[in-house]
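Welcome! Let us take a friendly walk through this structure together, one topic at a time.

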Amino acid sequence: MLTHIEQSIAVATQSALKDLYQIVVPIADIQIQETNEEYLGDFTLVLFPFIKLLRKAPALLGDEIGKSLIALVPQMQSFVRVQGFLNITLKPAYWNNWLYKNPLQIRLVNERQKVMVEYSSPNTNKPLHLGHIRNNLLGYSVSQILKKQGHDVIMANLCNDRGIHISKSMLAWSRWGNGATPESTGKKGDHLVGDYYVMFQTEMKKERNIIMQNENIEETAADNKTQMMKDCRALLLKWEAGDEAVRSLWETMNSWVYAGFDETYKRLGVHFDKFYYESNTYLYGKEIIQDGLERGVFYKKDDGSVWVDLTDEGLDHKILLRSDGTSVYMTQDLGTAQQRFDEYNLDKMIYVVGNEQDYHFKVLKLVFKKLGRTWWNNIFHLSYGMVELPTGKMKTREGTVIDADDLITEMEVTAADESNKTGKTEDLTAEEFIKLVHQIALAAIKFFLLKAGPANAIIFNPAKSIEFQGFTGPYLQYSHARIKSILRKVEEVEIIKLSAEEIENYDMVIEEKNLIQQLHKHEQILNIAADNLSPASLSNYLFELAKSFSSFYDKCSVLREENLIKRAYRLKLTSITATLLFDYSKILGIDLPERM
RNA sequence: GACCUCGUAGCUCAGUUGGAUAGAGCAACAGCCUUCUAAGCUGUGGGUCGAAGGUUCGAAUCCUUCCGGGGUCACCA
């Protein structure tokens with residue numbers, strides 16, 4: 001993925017190779033990269049492949065190609081060869097002109113795609129925790145990245161609102177709830193329902209332990225033998241039969257949970273264009289199974305269950321329909337995927353789901369492949385690692401789950417403390433202060449979760465909590481606030497307009513150049529983040545950018561600069577940096593306040 | 001058992017898809033506020049990239065084997 005100027009150098013290299021040595025090298029094989037900091041230069045052309053191909057001495061080859069490039073690329077100033085690397089320096093005018101010519105504009109993608117991103121997908125029997133936050137932030141920011149590229153994105157949420165887990169909360173509430181409601185208890189609905197889910201597990205465990213002792217059987221087997229599980233299954237059957245009382249309770253409890261989720265989503269700053277409910281979709285997919293059977297893609301066992309043979313793809317046989325004719329997870333996912341591609345004519349379907357389901361999505365794609373769907377390979381699983389504690393996985397029953405609401409509140413308190421320490425926000429109104437503290441807390445959480453590559457597990461240490469210094473969200477906010485502080489102090493009319501000549505001839509100092517070069521990469525980074533479905537690329541970039549700015553800020557004064565050309569140029573540089581930081585942080589869901 | 005995935009500084013993580021002497025942040029240490037916001041800047045120390053082989057001009061990155069962590073392989077979702 002090359003920037004505009006890198007592309008120009010690559011094309012010039014191609015034609016130089018053709019003219020000089022009569023060889024044709026595909027652009028993709030020409031390696032251009034940023035020059036390492038220890039060396040002089042802006043971009044580096046890697047010569048090794050040509051050295052090998054042409055069996056020429058590196059010195060001679062580098063010299064010949066370098067000279068040709070200077071003739072072909074007007075922005076080029078000089079070159080130096082080090083071993084097999086040709087380090088190219090561009091004219092300062094190139095950078096200066098770039099800065100003044102719509103630097104923030106990005107080329108929209110040629111093909112505007114319709115993409116659905118499914119994320120969050122909560123169970124409606126307990127509140128959201130830190131792992132869900134990671135999911136939400138990934139889904140949200142990937143959606144924003146694709147939108148920024150110019151795609152048409154639908155953010156979807158599939159609520160797992162039925163099944164045995166919901167029945168557990170319902171059963172416990174009926175038995176021990178005494179009619180408790182969010183209003184009567186003052187509890188957030190999702191937490192209230194979650195409490196009954198936990199209560200069910202606790203009570204069931206007591207019963208289970210007795211059975212385990214008496215009958216000397218395993219845990220899961222004993223679970224299934226408890227009266228409570230039997231009652232629970234009976235409840236689920238009633239639900240499926242449409243029993244009015246059960247349905248009514250189910251609707252009531254779910255509405256509490258949704259109200260609670262809604263609040264948490266708002267605090268997190270994520271939202272959805274479309275909600276799907278499993279209670280509506282759980283019967284989907286049976287037509288697909290039937291179709292596959294008729295066409296011989298699937299097969300039926302004697303007991304009536306339907307399977308697909310994926311051994312030719314290196315996988316196993318996978319069940320698609322139970323022997324009693326009811327759906328499994330895969331059945332509904334086949335159904336909903338088909339429905340979505342039909343309804344929206346999607347170019348891409350992205351599922352943001354934890355890596356424990358890697359196998360599931362591999363199978364999902366392959367089943368569609370076998371069915372001959374042309375779009376089977378347009379299904380993407382944005383797989384992400386778990387958020388773990390230093391002691392291991394978060395476990396509900398051990399009380400080691402980091403609750404989403406609690407974490408946000410805790411971070412807000414910390415942010416308020418930090419802010420009070422500096423004394424810079426004393427003149428804010430209470431309302432402004434609360435908003436600021438919320439923005440800072442969220443920035444810390446979001447950046448913490450988004451700076452890691454999605455594939456990797458994240459270790460969260462509650463004792464250390466989340467940092468506000470260094471490679472963090474608040475650092476971005478702080479950098480931005482300093483810029484804004486400068487910009488607030490200068491009137492629009494004060495800024496002199498530089499002539500084309502003054503711009504072209506501006507003599508940058510090293511900090512200014514580093515900052516421009518960081519800014520220069522923004523579009524390339526956006527494309528990398530989109531291609532890899534990885535907001536982490538963007539997080540890392542924004543940190544680098546903010547760091548370049550901080551160095552610049554430290555070395556180069558803006559307002560106190562007496563040379564008016566320098567002053568104007570630096571104001572331009574700072575304001576572009578502010579806008580870029582602001583816009584791209586927004587993509588990550590991070591707000592940058594005016595001051596902090 | 002089979003398959004997937006990860007293993008990089010004391011800790012938390014990057015590493016542009018095979019390029020130059022492996023980078024950040026935190027923690028430690030040393031400097032820098034009368035100067036645009038010190039939630040900051042500058043510097044120092046810290047590494048057998050899990051181990052061993054292999055591929056080639058060149059490997060943290062690709063291949064093989066082994067060691068270690070996690071995950072999946074349910075007529076659960």
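Across the whole of this predicted model, a search finds 23 aromatic pairs. One of them brings together F48 and F85: the ring centres are 5.3 Å apart and the planes meet at 85°, so this pair is edge-to-face. These two residues come from distant parts of the chain, 37 residues apart, with F48 in helix α2 (residues 48-54) and F85 in strand β4 (residues 85-90). F48 is partly exposed, with a relative accessible area of 41%, and F85 is also partly exposed, at 29%.

Y258 and Y277 make another edge-to-face pair, with 5.7 Å from centre to centre and 75° between the planes. Here too the pair links distant parts of the chain: Y258 sits in helix α11 (residues 244-268) and Y277 in strand β7 (residues 274-277), 19 residues apart. Y258 counts as partly exposed at 23% relative accessibility, and Y277 does so at 28%. Both tyrosines belong to one aromatic cluster, together with Y119, F261, Y265, F272 and F275.

**Around the RNA**

Which residues come closest to RNA strand B? They are D303, K424, G453, S485 and Y553, out of 71 residues that surround the strand. Of the atoms of RNA strand B that come within 4 Å of the protein, sugar and phosphate account for 60%. By residue type, the surface near the RNA divides into 29 nonpolar, 23 polar and 19 charged residues. Helix α22 (residues 535-555) gives the most to this surface, with seven residues.

Here are three side chains that reach different parts of the strand, each listed with its distance.

| Residue | Part of RNA strand B | Distance |
|---|---|---|
| K424 | phosphate oxygen | 2.2 Å |
| E467 | sugar or linking oxygen | 3.3 Å |
| N532 | base oxygen | 2.8 Å |

In each row, the protein partner is a polar atom of the side chain: an N or O atom in K424, and a polar side-chain atom in E467 and in N532.

**A pair of strands**

Is strand β12 (residues 379-384) mostly covered or mostly open? It is mostly covered, as five of its six residues are buried. Strand β12 runs parallel to strand β11 (residues 348-354), and six bridges join the two. Within this pairing, I350 stands opposite F380 of β12. Between the two strands the chain passes through helix α15 (residues 358-370), and the resulting β-α-β crossover is right-handed.

Terms used: Residues numbered from 1 in each chain as written. Chains lettered and ligands numbered in written order. Predicted model: local features only at pLDDT ≥ 70, side-chain atom pairs only at ≥ 80, totals over all residues. Heavy atoms only, no water. Near = heavy atom within 4 Å. Polar contact = N/O pair within 3.5 Å; in protein donor to acceptor, adjacent residues only side chain to side chain. Helix = DSSP H or I, 4+ residues; strand = E, 2+ residues; numbered from the N terminus. Nonpolar A, V, L, I, M, F, W, Y, C, P; charged D, E, K, R; others polar. Buried < 20%, exposed > 50% of the residue type's maximum accessible area, 1.4 Å probe, protein only. Pairing = 2+ DSSP bridges. Right-handed = clockwise from strand over helix to strand, strands pointing away. Phe/Tyr/Trp six-rings, centres within 6.5 Å; stacked < 30°, edge-to-face > 60°.
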